[in-house]
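Thanks for coming. Today I would like to walk through one structure, starting with how its chains meet and ending with a pair of helices.

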There are 2 protein chains.
Amino acid sequence: MSNLFPFADCFSNIFPKNMNNFHLKDYIQERKQIVDRHLDALLPKPEGPSGLVVEAMRYSLSAGGKRVRPILMMAACDAVGGNHGNIMPAACAMECVHTYSLIHDDLPAMDDDDLRRGKPTCHKVYGEAIAILAGDGLLTYAFELMTHPELLSAVENSVVNNAISIFAKAAGVAGMVGGQTADILFEGKEIDADTLAYIHRHKTGALIKASVEMGAMLGGGSEEQVEGLARFGTALGLAFQVVDDLLDVIGDEKKLGKPVGSDERNQKATYPALFGLEETKKRAQDLKNQALDALEPFGPEADPLRAIAIYVVERDR
Amino acid sequence: MSNLFPFADCFSNIFPKNMNNFHLKDYIQERKQIVDRHLDALLPKPEGPSGLVVEAMRYSLSAGGKRVRPILMMAACDAVGGNHGNIMPAACAMECVHTYSLIHDDLPAMDDDDLRRGKPTCHKVYGEAIAILAGDGLLTYAFELMTHPELLSAVENSVVNNAISIFAKAAGVAGMVGGQTADILFEGKEIDADTLAYIHRHKTGALIKASVEMGAMLGGGSEEQVEGLARFGTALGLAFQVVDDLLDVIGDEKKLGKPVGSDERNQKATYPALFGLEETKKRAQDLKNQALDALEPFGPEADPLRAIAIYVVERDR
């Protein structure tokens with residue numbers, strides 16, 4: 001998800017006329033600051049004999065993340081008429097799980113990455129043992145945040161239980177962990193369209209969908225609203241991946257800030273490789289339309305979600 | 001916790017007269033079978049592109065664990081008049097967290113162990129990447145189990161949320177992850193009594209205490225009962241560690257099934273090394289009495305917990 005949101009202002013011309021007054025860049029920036037502030041306040045302080053693991057958790061949490069998932073959760077909460085201020089522990093929990101997954105993915109036994117977003121990865125700074133524990137600590141802390149008194153006082157207990165269930169399923173073997181497993185097992189092997197879809201849907205798609213679904217649920221959305229936003233989340237997650245693959249083939253290296261064609265050189269299975277360029281472009285548009293259709297019953301409260309869906313597909317970097 | 005329970009029958013003579021009819025060995029065996037059956041039924045099946053990670057999770061879960069923590073949780077539930085049959089998803093969740101911690105502890109970057117309970121460790125069988133993911137999967141699945149429909153239909157939603165909160169705190173940086181971090185950071189270094197107590201209280205003590213506390217809570221115990229059983233759990237967890245250290249010095253190698261004196265040879269900080277033999281023996285008795293005192297207000301429903309506390313301190317292996 002490396003390119004989501006950084007230059008969103010360039011795309012004001014692609015939004016429908018009735019959304020003219022909505023500035024995605026300002027919106028994202030403001031929301032990101034809210035998330036950052038809450039993460040700092042809600043995470044434990046590095047102190048005592050085990051302070052180093054908390055320091056490592058905070059290091060990775062503050063290493064330039066764009067807070068895509070918590071922002072989506074907050075936007076979905078607002079879209080159903082909820083108040084995102086009430087659900088910040090859950091939004092931060094989502095960022096904790098995303099960050100833990102990056103720490104473990106970067107480990108030598110997994111992708112063996114020394115840098116992430118230009119900064120040394122957690123295990124490069126703190127060593128492998130502490131990095132493993134920092135990931136474990138973040139994953140566990142996410143569920144502590146899901147039962148934070150602030151959240152429990154604002155949202156019905158049964159709704160929080162449902163949200164925890166959806167969260168755990170999306171993060172675990174039926175979701176992200178399952179996707180990462182398949183990604184590792186099929187590395188360098190020829191894969192078919194079904195397996196590619198499985199990996200995308202699970203590795204990145206599951207948490208994006210859960211972010212939107214949980215936001216709608218915790219915001220007090222009706223069953224139909226939650227279901228509609230879950231469909232939006234599924235389409236959005238897949239759209240992002242499809243466009244990412246497209247840009248790797250047809251993107252402008254200068255705008256992307258990375259060389260194009262790297263997927264082909266790395267023999268990575270991609271949508272363009274499996275379906276061809278035109279079919280992939282069509283697929284991206286279809287997914288955008290699916291996402292926007294799912295928002296049809298919602299009023300202007302859902303404009304940020306609309307803007308995000310359009311941006312994700314129309315971006316050129 | 002390698003020696004807990006295996007020969008509990010030898011100790012029928014150490015139980016008070018009024019507990020003569022209680023057979024700890026039979027009790028443990030029967031409860032262990034219940035846990036094993038539920039674990040098998042509640043864990044996902046290994047299928048689809050990511051089936052291997054589920055296989056790895058199941059491999060480690062069925063690698064000879066004695067189910068100490070779930071059995072304690074069930075016993076605490078029964079002690080407050082609850083029905084342990086209602087809380088089996090939570091009991092299994094506890095075993096998932098314990099097992100994940102063993103998988104990650106055994107990794108090359110941590111303790112680098114090839115064998116656990118005589119069987120090859122998870123990373124030896126499935127490789128490091130899958131072992132990391134299997135641990136992540138088990139930790140995440142524990143919280144999915146905490147919101148299992150069976151548990152939610154038997155226990156009030158707010159009580160389940162409290163239990164999740166206690167669980168996450170005990171497993172995370174304020175508990176087990178914190179203890180493991182300190183253990184790694186102080187390896188081979190001289191440590192004082194406070195740090196030793198910190199490591200024990202967090203690395204193994206936190207989950208044992210939480211098992212008992214959660215059982216009491218989910219079983220419908222009053223605030224006083226939950227608080228009393230939490231005190232019992234704290235004393236029990238520490239008692240086990242103190243006696244383990246003692247047996248390493250004065251135990252019978254044949255009975256222990258491992259060489260004595262290994263802690264001293266490994267320069268491991270222990271209670272006897274810090275406090276001397278007599279003081280350590282006294283401490284073990286004190287902890288046993290603290291545990292039994294905490295059970296004072298309970299009737300015969302708490303006999304299994306009494307038997308376990310006596311056994312843990314009086315065992316000679």
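I will take the interface, then the symmetry, then the helix pair.

Please keep in mind that this is a predicted model. Let us start with the interface. In it, 45 residues of chain A are in contact with 45 residues of chain B. Which helices of chain A supply at least two residues each to the side that touches chain B? They are H2 (51-61), H6 (128-145), H8 (157-171), H9 (176-185) and H10 (193-218). H6(A) gives the largest share, twelve residues. Sorted by class, this side of chain A has 27 nonpolar, 14 polar and four charged residues.

Next, the symmetry. Two copies of a chain are related by a rotation about an axis and a shift along it. Here, a turn of 180 degrees and a shift of 0.0 Å along the axis lay chain A on chain B with an RMSD of 0.0 Å. The two copies are therefore related as by a two-fold rotation axis. In chain A, Asn157(A) has the C-alpha nearest that axis, at 2.8 Å. Of the interface residues of chain A, 100% are also interface residues in chain B, so the copies meet through the same surface.

Last, the helix pair, within chain B. The axes of H3(B), residues 68-79, and H10(B), residues 193-218, come within 7 Å and cross at roughly 35 degrees. Their crossing is right-handed. Among the residues making the contact are Leu72(B) and Met73(B) of H3(B), and Leu207(B) and Ile208(B) of H10(B). By class, this contact has 13 nonpolar, two polar and one charged residues.

How values were computed: Residues are numbered from 1 along each chain as its sequence is written. Chains are lettered from A and ligands numbered from 1 in the order in which they are written. This is a predicted model: local features need pLDDT of at least 70, side-chain atom pairs count only at pLDDT 80 or more; totals for chains, interfaces and linings use all residues. Two residues are in contact if their C-beta atoms, placed from the backbone, lie within 7 Å. Helices (H or I, at least four residues) and strands (E, at least two) are DSSP runs, numbered from the N terminus. Ala, Val, Leu, Ile, Met, Phe, Trp, Tyr, Cys and Pro count as nonpolar, Asp, Glu, Lys and Arg as charged, and the others, Gly among them, as polar. Copies are superposed by least squares on the C-alpha atoms of residues with pLDDT of at least 70 in both. Axes are lines fitted to C-alpha atoms, for helices over the stretch in contact, and angles run from 0 to 180 degrees between N-to-C directions. A crossing is left-handed if the near helix is turned anticlockwise from the far one by less than a right angle, and right-handed if clockwise.
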